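Work through the exercises below with the model open. Try each task before reading its solution.

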Amino acid sequence: MKKFLEIFKGSNEYNEKTVIGFISFAIMVIVMVIDVITGFLGYELPINDFVYNSFLVVTLGSFGIAGAEKIFTRK
């Protein structure tokens, strides 16, 4: 578990952008799994497009900013 938490660290501090991106991605995956399960059971799970797109933008933005910081920071 400690190694898993290492991916969120940036110079001895947790990288907040990565944590938010991971939580947003996890919520998207959980909702899609629930949608597939309810589809197999014959029920419809209405998901508004703007809600899903909002999580998508947050995920891509968080990971994109965190990645750009790693690439463009001078050591």
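Three exercises follow, on fold order, overall shape and helix packing.

This is a predicted model, in which local features need pLDDT of at least 70 and side-chain atom pairs count only at pLDDT 80 or more, while totals for chains, interfaces and linings use all residues. Residues are numbered from 1 along each chain as its sequence is written, and side-chain values use heavy atoms, without hydrogens and water.

**Exercise 1.** State which pattern the chain follows along the sequence.

Solution. Take the elements as DSSP runs: helices are H or I of at least four residues, strands are E of at least two, numbered from the N terminus. The chain has three helices and two strands. Their order reads α-β-β-α-α.

**Exercise 2.** Set the radius of gyration of the chain against that of a compact globule.

Solution. Use C-alpha atoms and the globule rule, 2.2 Å times the number of residues to the power 0.38. For 75 residues a compact globule would come near 11 Å; the chain has 16 Å. Next, check the spans: the C-alpha trace covers about 55 × 30 × 15 Å along its principal axes. Then check burial: 13% of the 75 residues count as buried (under 20% relative accessible area, 1.4 Å probe, protein chains only).

**Exercise 3.** Describe how helix 2 and helix 3 pack.

Solution. Fit axes to C-alpha atoms over the stretch in contact, with angles from 0 to 180 degrees between N-to-C directions. Helix 2 (residues 16-40) and helix 3 (residues 49-72) meet at about 145°, axes 8 Å apart. Contact (heavy atoms within 4.5 Å) involves residues including Phe22 and Met28 of helix 2, and Phe55 and Glu69 of helix 3.

Methods. Buried means under 20% relative accessible area, exposed over 50%, partly exposed in between (1.4 Å probe, protein chains only).
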